[in-house]
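Work through the exercises below with the sequence and the coordinates at hand. Each task is followed by a stepwise solution.

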Amino acid sequence: MIRTIFAMPLLFLAAACAAEPGADTLDGAYVAVAVTRDGKPETDELVKSVSLVIAKDELNFTVKDKKFPAKFKVDAKATPATIDISPSDGADNGRTFFGIWKFEKGDLWLAFRERGDRPTEFKGDDGAILFHLKRQAKK
């Protein structure tokens, strides 16, 4: 009986931690559904060329067959949840893009600015880029 009393809070805590969305929640391969930049939707051609792979603390965007690898950190407890993306290659190596994200039913919304402050809303306006991505089924 005493073990049960002590075990219940631990089980509850473990379940709460497992349910907490974090970087591992995002792991997977995604394709773009829509991309908005400066308040305007990107072309279907560009949207179809966008994919994203997330594994642990690394992500890799592909746009028109060009790869953009990066490390990232998330704060799932922030409102909205935040993401800091640090490109690990190319001209943006060493910079950090500040963004926000949400994940619902296999859809990932990711908004960030290449320059300036972190967006506060999921809009692709005022210098922000908004990606709406759908997670692909694991093969």
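**Exercise 1. Give the order of helices and strands in the protein chain.**

Step 1. From the N terminus on, the order is α-α-β-β-α-β-β-β-β-β-β-β. Step 2. That makes 3 helices and 9 strands. Helices (H or I, at least four residues) and strands (E, at least two) are DSSP runs, numbered from the N terminus. Step 3. Mind the source: this is a predicted model, where local features need pLDDT of at least 70, side-chain atom pairs count only at pLDDT 80 or more, and totals for chains, interfaces and linings use all residues. Residues are numbered from 1 along each chain as its sequence is written, and side-chain values use heavy atoms, with hydrogens and water left out.

**Exercise 2. State what share of the protein chain is buried, and what share of its contacts joins residues 24 or more positions apart.**

Step 1. Of the 139 residues, 31% are buried. Buried means under 20% relative accessible area, exposed over 50%, partly exposed in between (1.4 Å probe, protein chains only). Step 2. Take the contacts (heavy atoms within 4.5 Å). Among those with a separation of 6 or more, 40% join residues 24 or more positions apart.

**Exercise 3. Find the residues with the most contacts inside the largest nonpolar core, and the strands that supply it.**

Step 1. A nonpolar core is a set of buried Ala, Val, Leu, Ile, Met, Phe, Trp, Tyr and Cys residues joined through side-chain atoms within 4.5 Å. Step 2. The largest has 24 residues, and Leu59, Ile85 and Phe131 have the most contacts inside it. Step 3. The strands that each supply at least two residues include S1 (28-37), S4 (58-63), S5 (66-75) and S9. Step 4. Look around Ile85: among the residues it touches are Leu59, Phe72, Phe97, Leu110 and Phe112, with residues up to four places away in sequence not counted. In soluble globular proteins, nonpolar side chains tend to be buried together.

**Exercise 4. Classify the aromatic pairs Phe61–Phe131 and Phe97–Phe112.**

Step 1. Rings of Phe, Tyr and Trp (its six-membered ring) pair if their centres lie within 6.5 Å; planes under 30 degrees apart count as stacked, over 60 as edge-to-face and the rest as tilted. The structure holds 3 such pairs. Step 2. Phe61 and Phe131 have ring centres 4.8 Å apart and planes at 40 degrees, so this pair is tilted. Phe61 lies in S4 and Phe131 in S9, so the pair ties together parts 70 residues apart in sequence. Both Phe61 and Phe131 are buried. Step 3. Phe97 and Phe112 are stacked, at 5.9 Å centre to centre and 10 degrees between the planes. Phe97 belongs to S7 and Phe112 to S8, so parts 15 residues apart in sequence are tied together. Step 4. Ring pairs link Phe61, Phe97, Phe112 and Phe131 into a cluster.

**Exercise 5. Place His132 and Lys138, and decide whether each is buried or exposed.**

Step 1. His132 sits in strand S9 (residues 128-135). Its relative accessible area is 18%, so His132 is buried. Step 2. Leaving out residues up to four places away in sequence, His132 touches Val31, Ala32, Val33, Ala34, Asp107, Leu108 and Trp109. Step 3. Lys138 is in the segment after S9. Its relative accessible area is 79%, so Lys138 is exposed. Step 4. Lys138 and Gly28 are 110 residues apart in sequence, but 7.7 Å apart in space, C-alpha to C-alpha.
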